[in-house]
Amino acid sequence: MDQRHEALGQCLQRLHPRDRELLLRRYEPGGTVEEAAKRSGRTLQTAYKALARLRKLLLDCVTTRLSQAEAA
Amino acid sequence: MNLSDPEILELNELCNAVVDGTIDEAQKAALSNWLMRSEEARRFYVRVTGLSASLCHFAAELQTGEPDGTAGQAPRRRWPWIMGLLALAASVAVLVRLAWPNHPLPQTETTVATNEIEYVAQLTGGKDFQWATGTSPIAPRGRVRKGQQVELAQGFAEITFDSGAQVLLQGPAVLDVNSAWSATLKHGKLTASLPPEAMGFSISNPTVEVVDIGTEFTMVADAGGAATEVLVLKGEVEAAPRTPGDQQPIVLREKDARRFANSGVSSVHDSEQKFEELRQPVGLERFVSPIGYAHWSFDETDTGTFKAESFGLPQSATDAVLDWSKSSPTPSHTKGHTQGALRFDGSVYARAAFPGISENSPHTVLFWVRVPKDANASNAYAMVAWGVNNKQLGSHPVHITWNRNASEGPWGVLRTDYGGGYALGSVPLRDGRWHHVAVVFIPRDDPTSPVECKQYVDGRLDGEGKPSSPGSDIFMSTSRNDNGAILLGCRLRIKGTPGERFMGDMDELFITDRALAPHEIVRLMNTNRVDE
């Protein structure tokens, strides 16, 4: 599980700062999509779409990194 | 079956709707259908929700500034540090395997003070049981501490973990109770019943780690710990072999059985006979005691007095009377979780009596609460409060509230302050939705920590009490006049004067005269009734 968390940290670092900010503002304690959208200068609809895309990106990235670590 | 790209996209959209809280009925039905028929879909769902839980942890780690009490004002952040902190956060151990929608993952060990004795389970049933010679016997309804080794010589003993997991141990057996979320079967046989609230509970030993995905399973470990059999009675589990050559987790479904040994994973001989034996009822005696309670439904719509119904209490609780005359023209009512609810607008509060609440006796406080998304820090204290006049607790009041001290924990989560300690959850309550809150208080025979406190949000364990720092603002005295009184929607100040006011809605308040077990909390949440 540590490996998964570490992989997530590495994958987050690879994101564009603007995307990373959107994600972290969404997931900070008490954070909402509305506020994350407003603060990152996106419309609500765009923010939802961006979050869906970013989660999928992170999921794939974490899976790939874990597979690589297992194969090594 | 392998998921196609379009199927993955569809699932991704459904899972995103879950984590964003935008899922509608049609999407729920579609997702349920996926989860029922496809193991891969279930795995995908667990990965997405697990990712969201991990992101919550990362984001909470990064949020170092305490938000001020201004509506809509963003918390202070230190973005220039983000890259360094990300690397640091990556090293924090967090269990990511499973998540419950909108809920945190099982707590990590770091959330609790290490030098404190922490109780995490309870002996809730038994049959012809005898503890091993030389070990401390556990009395019926006795608490089991974190790290305690339970050694059963013979018979059956049922242990209910504070996470809601129930383990029926069959002697001779040895079980290490690691936390509310995990145990180690050294040897012997157990059957684990794991409700949805306990999702993520794990049982391990040297050959295998079994993680619940909503199930009932049996585990049999031989005396040397060299081999373990896992038989799934209901639902499914993820079993990860711990042998050096083969560590790929295996999903076991209903009626599946596997033997995990140092030599590898194999089928279980005579598994049908073993399943048949497991289906035989044990005839367990459950150690339950009657529950006395008071209930305020807040369904009245034309008055400032809210009726209390009391059952099985030596003295009845009193109606809750609203104090609103100085600020608002009429009492505030709103549509509740069940019929009507009481609305606290940041100025009103109510007072009732629950005789005995001020003593250090076991009780559980349960209610539904809805906190606005834009609630200010000045409107956090308190949902429920009462004064305590007890030598051990030093007259410190109890406040059930949401956390506004970001240096002590995540902003907006459930918080309980009490004599000498506080408990913090991790589910944000400031989201404009109804949440079920339950706080359990259990007296302890320890003068330095005389009360145990457990919080549950929406039926899932969400924070245990830990000692507070000296000088914290919870160390305030209350007047003896407040003995036995509960205050709703305000903070108790010195001499008992109601201070700050809470903003939000409250419904279906129950106070019981004993500590409820996790399954009792869930039942009350689902039925709005106490088992009598």
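**Buried contacts and cross-links in the predicted model**

B:Trp411 has a relative accessibility of 4%, so this tryptophan counts as buried. The model considered here is a predicted one, and all values below were computed from it. A search for aromatic pairs gives a count of 9 over all chains. In one of them, B:Trp411 meets B:Trp402 edge-to-face, with 5.4 Å from centre to centre and 80° between the planes. The partner ring is shielded too: B:Trp402 is at 0% relative accessibility and therefore counts as buried. Elsewhere in chain B, one aromatic cluster brings together B:Phe129, B:Trp131 and B:Phe287.

Aromatic rings also receive charged groups. At B:Tyr381, the charged end of B:Arg491 sits over the ring, 4.1 Å from its centre. In a similar arrangement, the ring of B:Tyr422 has the charged end of B:Arg415 over it, at 4.5 Å from the ring centre. B:Arg415 has a further partner, since this arginine forms a salt bridge with B:Asp417, in which the closest N and O atoms are 2.8 Å apart. How accessible are the two residues of this bridge, B:Arg415 and B:Asp417? B:Arg415 is at 3% relative accessibility, which makes it buried, and B:Asp417, at 0%, is likewise buried. The picture at B:Arg415 is thus of a buried arginine that sits over a tyrosine ring and is paired with a buried aspartate.

Side chains of opposite charge can pair when their charged atoms come close. Over all chains, 23 salt bridges are counted. In chain B, the bridge of B:Arg286 with B:Glu158 has its closest N and O atoms 2.6 Å apart. This pair links distant parts of the chain, as B:Arg286 belongs to strand E12 (residues 285-286) and B:Glu158 to strand E3 (residues 149-161), 128 residues apart. The partners contrast in their surroundings: B:Arg286 is partly exposed at 48% relative accessibility, whereas B:Glu158 is buried at 4%. Salt bridges also link B:Arg143, B:Asp162, B:Glu452 and B:Lys454 in a network.

Chain A offers a bridge between helices. A:Asp19 and A:Arg53 form a salt bridge whose closest N and O atoms are 3.7 Å apart. Here too, distant parts of the chain are linked, because A:Asp19 lies in helix H2 and A:Arg53 in helix H4, 34 residues apart. With a relative accessibility of 12%, A:Asp19 is buried, while A:Arg53 is partly exposed at 43%. The burial of A:Asp19 fits the wider setting of H2 (residues 17-27) in chain A: 8 of the 11 residues of this helix are buried, so H2 is largely enclosed by the rest of the structure. Besides A:Asp19, the buried residues of H2(A) include A:Arg20, A:Leu22, A:Leu23, A:Leu24, A:Arg25, A:Arg26 and A:Tyr27.

A helix of chain B shows another pattern. In H5 (residues 271-279), the buried residues are B:Ser271, B:Phe275 and B:Leu278. These cover an arc of only 60° around the axis, which puts them on the same side of H5(B).

A disulfide is a covalent bond between the sulfur atoms of two cysteines. The whole structure holds 1 disulfide over all chains. Which cysteines form this disulfide? The bond joins A:Cys11 and A:Cys61, with sulfur atoms 2.0 Å apart. The link is left-handed, at -85° about the S-S bond. Because A:Cys11 lies in helix H1 (residues 2-14) of chain A and A:Cys61 in helix H4 (residues 44-71), the pair ties together parts that are 50 residues apart in sequence. A:Cys11 counts as buried at 2% relative accessibility, and A:Cys61 counts as buried at 15%. Helix H4 of chain A therefore carries A:Cys61 of the disulfide, and also A:Arg53 of the salt bridge to H2.

In chain B, why does B:Cys453 not bond to B:Cys490? The sulfur of B:Cys490 is the closest cysteine sulfur to that of B:Cys453, yet the distance is 19 Å, too far for a bond. B:Cys453 is buried, with a relative accessible area of 2%. B:Cys15 is also buried, at 0% relative accessibility.

Finally, B:Pro467 is located in strand E27 (residues 460-467) of chain B. At 40% relative accessibility, this proline counts as partly exposed. Its C-alpha atom is separated by 20 Å from that of B:His363, a residue 104 positions away along the chain.

Definitions and conventions:
Residues numbered from 1 in each chain as written. Chains lettered and ligands numbered in written order. Predicted model: local features only at pLDDT ≥ 70, side-chain atom pairs only at ≥ 80, totals over all residues. Heavy atoms only, no water. Phe/Tyr/Trp six-rings, centres within 6.5 Å; stacked < 30°, edge-to-face > 60°. Buried < 20%, exposed > 50% of the residue type's maximum accessible area, 1.4 Å probe, protein only. Lys NZ or Arg CZ within 6 Å of the ring centre and 35° of its normal. Helix = DSSP H or I, 4+ residues; strand = E, 2+ residues; numbered from the N terminus. Arc of directions from axis to C-beta. Disulfide = S-S within 2.5 Å. Salt bridge = Lys/Arg side-chain N within 4 Å of Asp/Glu carboxyl O.
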